[in-house]
Amino acid sequence: MKELLVVDGANVVGSVPDGGWRNRRGATERLLDRLVAYGEQQGVNVILVVEGAARGVESVPGVRVESAAGSGDDHIVELVGRLGRPCAVVTADRGPRRRVSGCQVWGPRTVYA
């Protein structure tokens with residue numbers, strides 16, 4: 001079974017100083033392209049959690065997109081609990097960092113190096 005990477009889309013997009021805050025959906029779609037390549041290079045399955053203006057970004061081969069009904073952080077914590085398997089979470093937010101158990105937590109530069 002491939003390793004699993006859960007990505008906090010809003011947090012990762014917000015960590016890149018490219019003006020993505022002006023067009024969250026566009027920035028999230030660019031992140032999605034980057035995650036496809038990352039998943040292929042690293043041999044991992046990727047789940048991208050989106051919220052707010054990025055809701056509606058579609059899954060593509062190699063990256064499953066989950067739209068959070070409310071808080072992306074809460075969705076990530078719930079998703080990790082539901083998965084029932086080890087994974088890594090990419091976020092800089094302290095909230096999910098403290099609330100995910102059984103997972104490694106990596107910073108946004110993991111996918112934006």
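# A walk through the sheet and its helices

Helix 2, which covers residues 24-42, lies across strand 1, strand 2, strand 3 and strand 5, and its direction is at about 165° to that of strand 2. This arrangement belongs to a predicted model, and it offers a convenient place from which to begin reading the fold.

The strands that helix 2 lies across belong to an open sheet of five strands, whose order is 3-2-1-4-5 and whose pairing is parallel. At the edges of this sheet are strand 3 (63-67) and strand 5 (103-106), each of which pairs on one side only. On average, and with direction ignored, neighbouring strands of the sheet are turned by 25° against each other.

Within the sheet, strand 1 (residues 3-8) and strand 2 (residues 44-50) run parallel and are joined by six bridges; one point at which the reader can see this pairing is Val-7, whose bridge partner in strand 2 is Leu-48. Strand 1 is also joined to strand 4, again in parallel, by three bridges, and here Val-6 has Val-89 of strand 4 as its bridge partner. Continuing from strand 4 to strand 5, one finds four bridges between two strands that run parallel, with Val-90 standing opposite Trp-106 in strand 5.

Strand 4 (residues 87-90) deserves a second look, since its two faces can be followed residue by residue. Cys-87 and Val-89 lie on one side, Ala-88 and Val-90 lie on the other, and these four residues are all buried, so that both faces of the strand are covered. Together with helix 4 (residues 94-99) and strand 5, strand 4 makes a right-handed β-α-β unit.

Seen as a whole, the protein chain has four helices and five strands, and along the sequence they follow the pattern β-α-α-β-β-α-β-α-β. The radius of gyration of the chain is 13 Å, close to the 13 Å that the globule rule gives for 113 residues, and therefore the chain is as compact as a globular protein of that length. Along its principal axes, the C-alpha trace spans about 35 × 30 × 25 Å. Of the 113 residues, 45% count as buried, while the chain exposes about 6100 Å², of which carbon and sulfur atoms supply 48%. Among the contacts between residues at least 6 apart in sequence, 51% join residues that are at least 24 apart.

Two single residues show how burial and exposure appear in particular places. His-75 lies in helix 3, which covers residues 72-83, and it counts as buried because its relative accessibility of 16% falls under the 20% cut-off for that class. When residues up to four places away in sequence are not counted, His-75 touches Val-49, Glu-66, Ser-67, Ala-68 and Arg-82. Among these neighbours, Val-49 is a residue of strand 2, which covers residues 44-50, and Glu-66 and Ser-67 are residues of strand 3 (63-67).

Ser-101, by contrast, lies in the loop between helix 4 and strand 5, and it is exposed because its relative accessible area of 61% is over the 50% cut-off for exposure. Although Ser-101 and Gly-81 are 20 residues apart in sequence, their C-alpha atoms are 7.9 Å apart in space.

Notes
Residues are numbered from 1 along each chain as its sequence is written. This is a predicted model: local features need pLDDT of at least 70, side-chain atom pairs count only at pLDDT 80 or more; totals for chains, interfaces and linings use all residues. Side-chain values use heavy atoms; hydrogens and water are left out. Two strands pair if DSSP finds at least two bridges between them. Axes are lines fitted to C-alpha atoms, for helices over the stretch in contact, and angles run from 0 to 180 degrees between N-to-C directions. Contact means heavy atoms within 4.5 Å. The radius of gyration is taken over C-alpha atoms; the globule rule is 2.2 Å times the number of residues to the power 0.38. Buried means under 20% relative accessible area, exposed over 50%, partly exposed in between (1.4 Å probe, protein chains only). Accessible areas come from the Shrake-Rupley method with a 1.4 Å probe; for residues, only the protein chains shown count as cover. A crossover is right-handed if, with the strands pointing away from the viewer, the path from the first strand over the helix to the second runs clockwise.
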